[in-house]
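Me: I have a predicted model on my screen and would like a close look at one part of it. Could you walk me through that part at an easy pace?

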Amino acid sequence: MDRMARLKARSKRRVARWTTSLATAAALMLGAPAVADDAPVRKPPLSTTRKTNRVIYRPTEGRQIYRDRCAVCHRADGSGRGGDDADSNGFPPLTGLSAWLATAEGQQYVAHAIIYGPYGAVEVGDKLYYGLMPRFGPRFTNLQIAEVIRYIAEVLNKPAPGYRPITVEQVEAARHLPDDMAALEQERIALPPR
Ligand code: HEC
C-alpha cells in the first residue's frame, strides 16, 4: 500500500471509531444497549441541559450510576482507556482527581463536565485525550449527579484534606454555564494540572 492509501485507511478507521463512540454515547443517553448505529447524532444545544431527567433513569446510588453510565468509557475502576495514540480518541482516567475534588472550583468543573459533556482535548499527565462525552445534564437529576460525583471522590479517589461532598444545591447552581464550550475549557485551564 502506498503512503496515501495507508493514510486514507487510517482516517477511515478513525471515522469509524468516532461514529461508534457517538452511537455509544447516544445509546447510553437513551438508556438503550450500547450498540453501534450509523444514524447521525448531534448534541442538543446547551440550553436544553436545564430540563432534567427527560429520559427516566431512576437509580440514585453513586456506584450503580457510575457502573451504568460511566464505566463503559472510563472503566469500572476509573483508570480510563487509551489516550495519546494517534489512532484512538481514548477516555481520560477519573482517578488522580483528589486535589480537584477537595476544592469548590474543582468540584464545580467536574459537575460541569458531567452536565455539559466536554469535547475537544484534555491533557492528563503526559497524555492527551480527545473524544466526546455524552451530555448528562438532561438525563440526570441533581441528586444523581451529586451521588456519582461522591462515588468518584470517595471510592475511585481518596478524599484529600478539605474535601466536602458536593450538595444538590451546588449541582443545581452548576447548571447555569453560558451557552458555549469555551467556558468549560477556560474553567479547566484555571485548575492546577492533573
Ligand atoms: C461515551 C464515553 C463516555 C461516557 C459514557 C462518559 N464519559 Fe466522561 N469523558 C469522556 C471523554 C472522551 C472525555 C474527555 C473529553 C474531551 O476530550 O474533551 C471525558 C471527560 C470526563 C471528565 C473530565 C475529565 C478532565 O480531566 O477534564 C469527567 C469528570 C468525566 N468525563 C466524568 C464522567 C462521568 C461521571 C460519567 C458518567 C456519568 C462519564 N464521564 C461518562 C467519555 C465518556
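What pLDDT does the chain average, and what percentage of the residues score at least 70? With that settled, please take me to helix H5 (104–116): which residues of H5 make its contact with H6, and which make its contact with H8?

Reply: Happy to. The average pLDDT of the chain is 81, and 68% of the residues reach at least 70; pLDDT is the predictor's confidence in each residue, on a scale from 0 to 100. Residue numbers start from 1 along each chain, in the order its sequence is written. Since the model is predicted, local features need a pLDDT of at least 70 and side-chain atom pairs count only at 80 or more, while totals for chains, interfaces and linings use all residues.

Now to the helix. The names H5, H6 and so on follow DSSP runs numbered from the N terminus (helices are H or I with at least four residues, strands are E with at least two). Let's begin with H6, residues 142–156: its axis and that of H5 come within 11 Å and cross at roughly 120°. (Axes are lines fitted to C-alpha atoms, for helices over the stretch in contact, and angles between N-to-C directions run from 0 to 180 degrees.) That angle makes H5 oblique to H6, because under 35 degrees counts as roughly parallel, over 145 as roughly antiparallel, 65 to 115 as roughly perpendicular and the rest as oblique. The crossing is right-handed, meaning that the near helix is turned clockwise from the far one by less than a right angle; anticlockwise would be left-handed.

On the H5 side, Gln107, Val110, Ala111, Ile114 and Ile115 make this contact, and they meet Ile145, Val148 and Ile149 of H6. Two residues are in contact if their C-beta atoms, placed from the backbone, lie within 7 Å. Seven residues here are nonpolar, one is polar and none is charged. (Nonpolar covers Ala, Val, Leu, Ile, Met, Phe, Trp, Tyr, Cys and Pro; charged covers Asp, Glu, Lys and Arg; the others, Gly among them, are polar.)

H5 also packs with H8, residues 181–189, at about 150° with the axes 10 Å apart, which makes H5 roughly antiparallel to H8. This crossing is left-handed. Here Tyr109, His112 and Tyr116 of H5 meet Leu184, Glu187 and Arg188 of H8, giving three nonpolar, one polar and two charged residues.

Then there is the ligand. Among the 31 residues around the ligand, Cys70, Cys73, Pro118, Gly131 and Met133 come nearest; a residue is near if its C-beta atom, placed from the backbone, lies within 6 Å. H5 is one of the elements that give two or more residues to this shell, alongside H1 (3–29), H3 (71–74) and strand E1 (122–124). H1 gives the most, with four residues. By class, the shell has 23 nonpolar, five polar and three charged residues.

One caution about H1: pLDDT stays under 50 over residues 10–16. Where pLDDT is low, predicted coordinates should not be read in detail.
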